[in-house]
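Hello,

Here is the structure I promised to pass on to you. Have a look at it first, and then read on for a short tour of what turned up.

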Amino acid sequence: MAEQFLTEDRTSEVMTVNMGPHHPATHGVLRLVVDLEGEVVRDLRPVIGYVHTGIEKSCEDKSYWKVIPFVERMDYVSYFFQMEAFCGAVERLVELEIPERAKYLRVIFLELNRIHSHLVWLGTTALDLGAISMLWYCFRERERILDLFEMATGQRMHTRYFQVGGVIEDIPLGFERKLREFIADMPVRVEQYQALLDRNEVFLSRTKNTGIVSRERLLELGVTGPLLRAAGEPWDLRKAFDYLAYPQFDFKVPVGTIGDNYDRYRVRVAEMVESVRIVEQALDGLPEGPFIADDRKYVLPPRSELSTSMESLIHHFKLVTEGYRVGPSEIYYAIESPRGELGCFVLADGSAKPARVHFRDPSFVNLQAFKDMSTGGYIADMICSLGMLDPILGGVDR
Amino acid sequence: MPDAPGLELIRGEIEAAHPGAVLDTGFAQGRAVLSIDPARVIAVLSWLREAPGQEYRFLSSLHAADYLPAAPRFAVHYELLNRDRVERLRVKALLDDPASPAGGGVGGPAPEDASATGGGGGSPAPTGPAAGAMVLPEIDSCVEIFPTANFQEREVFDFFGIVFKGHPDLRRILLPEDYVGWPQRRDFPVGGEPVTFTYNERNYG
C-alpha cells in the first residue's frame with residue numbers, strides 16, 4: 001500500500017482547490033475554484049456574489065438625487081466615475097446641459113480619481129508580488145488625493161460631489177494651490193515607482209510573458225480599459241465619444257504590445273501621467289461661471305435665496321421631498337472608468353424614482369477573461385494576473 | 001449613432017433579409033433603438049454583426065428591464081457598438097411574461113404576501129411555492145456570437161428569471177444558488193428579504 005502510494009504519479013493528478021473568498025490576494029471577496037495539475041492551472045471558475053447588496057434594486061425605491069450616494073458604493077475605488085455615469089445619464093434623459101465650469105471640475109475629479117484608483121491597484125498588486133514597499137509609496141500619494149477630495153467635498157471617499165446639473169459646490173480657496181503642488185509632484189513619484197519596479201528582476205520575471213490573451217479574444221469577451229489597451233488596441237471612450245470636456249484636452253492613450261502582465265502594468269502607470277496632464281490642463285483652462293446648472297426644476301436653489309424668495313422655497317421643498325420627475329424614457333450612457341467601459345442604464349417611468357438603474361461594470365465583464373489569462377500557467381502567475389486584472393468586487397457584485 | 005434615416009435604412013435591410021424581424025424603431029436622446037421579435041434575436045444580431053456596412057462587432061452591455069404594467073413586460077437590451085465608426089445601436093427584444101397572459105399585475109403570489117405584512121423585519125421570504133415553478137419567459141442565448149454575454153445573461157436570468165436557451169451554464173451568478181424568486185422584477189418588493197438577525201426585535205421590539 002505504502003509502495004503504491006510512493007510510486008504513484010502525483011504530478012499529473014488534477015486537484016481542485018478552493019481559493020477565497022477570504023484570501024488577501026483576491027482583492028476583495030472573490031472565490032476561485034481552481035483545477036490544478038501540479039502547479040499548473042488547468043481550469044478556473046470564479047464564484048462571485050459574496051458582496052451583492054442589491055444596490056440596483058434599492059435604487060428603484062429612491063428619488064433620483066438619492067440614488068447618487070448608492071451607486072457610488074458599487075465600485076468603491078472609483079466612486080466619481082459611478083456618479084458621473086449616473087448623473088450624466090439622468091442629465092441626458094432630462095436634456096439638461098451642464099455649465100462649462102462643472103464639466104472642467106468633473107474632469108479634474110474624475111482624473112484624480114483615476115490616479116487614485118491606479119495607485120490602489122499598483123500598491124496592492126505589487127504587494128502581491130512581494131514588493132511591499134510599493135504599497136506604502138502608493139498609499140502616500142493616494143492620501144494626498146483623498147485630502148484633496150476632503151478639502152473640496154468634505155468627504156474622503158463616497159463624496160456625493162457630482163449632482164444632476166453640475167457639482168454641489170465650487171472648489172474652495174487654497175484648493176488650486178494644493179492641487180498644483182500635487183500635479184507637480186506626481187510625475188516624479190511615478191518615475192520613482194518605475195525606478196523601483198522596471199528593473200526589479202523578481203517583478204519582471206513574474207510579469208513578463210504571463211497572462212497573455214490575444215486582442216481578438218479580449219474583444220470577444222467584451223474586455224475594455226487598460227487590459228484591452230495593453231494588448232495593443234487603442235480604444236478609450238474619452239477619445240471615442242464626446243462627453244464632458246475631454247475633447248478639449250491633449251492627452252495620449254498608452255497602449256501595450258503583446259498584452260502580458262508587464263504591458264498591463266506599463267499602460268496603467270503611463271495612464272497616471274496622462275491623467276496628471278489632463279488635470280493640469282483642466283486647471284489651467286478652468287472657466288469662470290456657475291458650477292451647477294440654473295434649472296430650478298432639477299437643481300436646488302442657492303441656500304441664501306430660501307429666506308427671501310417664495311419661489312425658491314417651493315422649489316427647494318419639492319426637490320427635497322418628492323424630487324423631480326423624469327418622463328418615460330431610457331438611456332445607456334457609458335464612460336471610461338479606470339477599469340474600462342462603465343455604462344449606466346436608466347429607465348424612467350415618469351415618476352420621481354427610476355424604474356431601473358443598471359450598471360455595466362467593467363470589473364464584472366473583465367472577470368470573464370481571467371480564465372483565459374490563467375489556464376496553462378502556474379498558480380503564482382494566476383495571482384499576478386488577478387492583480388493585473390484589477391477587479392473591484394464591490395463593482396462585480398453590486 | 002446611426003441617425004433616424006440611417007436607422008430606417010438598417011430596418012429596411014433587415015426586413016429584406018429577415019422579414020418581420022423588426023417590430024419598431026425608435027430614436028430618442030440621440031440614440032437609435034431597434035425593437036425586434038425575440039424569436040429572431042440571433043438572426044438579427046448575427047446580421048448586424050456580420051453584414052458589410054454594419055459590423056456591430058462589440059456587445060457593450062446586455063441587460064434587461066421590467067416594463068410592468070406594459071404589455072410585453074420584459075425587454076432584453078443589447079447595446080451594440082461599432083468601434084470603427086464609433087456608433088452605438090440598441091437592440092431591444094420585447095418579451096411577454098408567460099406567467100400572466102393578462103400582461104401584468106400578477107407575478108406570482110409571493111410579492112403580495114410580503115407587501116401585506118409590510119416592510120417590517122418579520123416579513124416572510126418572497127418564496128411562494130409557485131415562485132420556483134413559475135413559467136419563465138425564454139429567449140435564445142447569444143453567447144455563441146458574443147462570448148461576453150455569458151456573465152451578463154446569467155445576471156439577467158438571476159434577477160429577472162429570463163431563460164436564455166442554449167446558454168452553456170445558466171445558473172444564478174450573484175445570488176445564492178438556492179435563492180427563490182426574481183428580485184429585479186418590478187412586482188418584487190424592496191425589503192422583501194427576511195431579516196435573519198432578529199435579536200433586537202425579539203428583545204426590544
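One definition before we begin: the expected span of a helix is 1.5 Å times one less than its number of residues. With that in hand, look at helix α13 of chain A, residues 310-321. This helix has twelve residues and reaches 16 Å from its first C-alpha to its last, close to the 16 Å expected at 1.5 Å a residue. Just after α13(A) comes Gly323(A), with a positive phi of about 90°. Please keep in mind throughout that this is a predicted model.

**Chain A as a whole**

Chain A contains 17 helices and eight strands. Its radius of gyration is 23 Å, close to the 21 Å that the globule rule gives for 398 residues, so chain A is as compact as a globular protein of that length. Taken along the principal axes, the box that its C-alpha atoms fill is roughly 95 × 45 × 35 Å. Buried residues account for 52% of the 398 residues of chain A. If you take the contacts in this chain between residues at least 6 apart in sequence, 69% of them join residues at least 24 apart.

**A sheet in chain A**

A good place to zoom in is the open sheet of three strands in chain A, which has the order β6-β7-β8 and antiparallel pairing. Its edge strands are β6 and β8 of chain A, each of which pairs on one side only. From one strand to the next, the twist averages 15°. Nine bridges hold the antiparallel pairing of β6(A) and β7(A). To find your way in the viewer, pick out Ile335(A), which stands opposite Leu342(A) in β7(A). Packed on this sheet is α4(A), which touches β6, β7 and β8 of chain A. The direction of α4(A) makes about 145° with that of β6(A).

**Where the chains meet**

Which elements of chain A supply at least two residues each of the side that touches chain B? In total, 34 residues of chain A are in contact with 25 residues of chain B. The elements in question are α2 (55-59), α4 (79-94), α9 (215-220), β6 (329-337), β7 (340-348), β8 (354-360) and α14 (362-366) of chain A. By class, this side of chain A has 15 nonpolar, nine polar and ten charged residues. So the strands of the sheet described above turn up again here, with β6, β7 and β8 of chain A among the contributors, and so does α4 of chain A.

**Chain B**

Chain B has six helices and seven strands. Starting at the N terminus, its elements run α-β-β-α-β-β-β-α-α-β-α-β-α. Of its 205 residues, 40% are buried. Among contacts in chain B between residues at least 6 apart in sequence, those joining residues at least 24 apart make up 53%.

The strand I would show you here is β5 of chain B, residues 87-95, which is mostly covered, with seven of its nine residues buried. Strand β2 of chain B (residues 31-36) runs parallel to β5(B) and is joined to it by four bridges. Strand β4(B) runs antiparallel to β5(B), and nine bridges join the two. Val91(B) is a handy landmark: this residue of β5(B) is the bridge partner of Leu34(B), and Tyr78(B) stands opposite Val91(B) as well. The hairpin of β4(B) and β5(B) has four residues between the strands, and in it Val86(B) takes a positive phi near 55°.

**Backbone details to look up**

A few spots in the loops deserve a click. The peptide bond from Leu68(B) to Pro69(B) is cis, with omega near 10°. Pro69(B) is found in the loop between β3 (58-66) and β4 (74-82) of chain B.

Back in chain A, Arg160(A) is not a glycine, yet has a positive phi of about 55°. Arg160(A) sits in the loop between α6 (132-153) and β4 (162-163) of chain A. Asp390(A), also not a glycine, has a positive phi of about 60°, and lies in the loop between α16 (379-389) and α17 (393-397) of chain A.

Are these two residues buried or exposed? Arg160(A) counts as partly exposed because it has 15 C-beta neighbours inside 10 Å. Asp390(A) has 26 C-beta neighbours inside 10 Å, and therefore counts as buried.

Enjoy exploring, and best wishes!

Technical notes. Residues are numbered from 1 along each chain as its sequence is written. Chains are lettered from A and ligands numbered from 1 in the order in which they are written. This is a predicted model: local features need pLDDT of at least 70, side-chain atom pairs count only at pLDDT 80 or more; totals for chains, interfaces and linings use all residues. Two residues are in contact if their C-beta atoms, placed from the backbone, lie within 7 Å. Ala, Val, Leu, Ile, Met, Phe, Trp, Tyr, Cys and Pro count as nonpolar, Asp, Glu, Lys and Arg as charged, and the others, Gly among them, as polar. Two strands pair if DSSP finds at least two bridges between them. Axes are lines fitted to C-alpha atoms, for helices over the stretch in contact, and angles run from 0 to 180 degrees between N-to-C directions. A residue is buried if 20 or more other C-beta atoms lie within 10 Å of its own, exposed if 12 or fewer, and partly exposed in between; C-beta atoms are placed from the backbone. The radius of gyration is taken over C-alpha atoms; the globule rule is 2.2 Å times the number of residues to the power 0.38.
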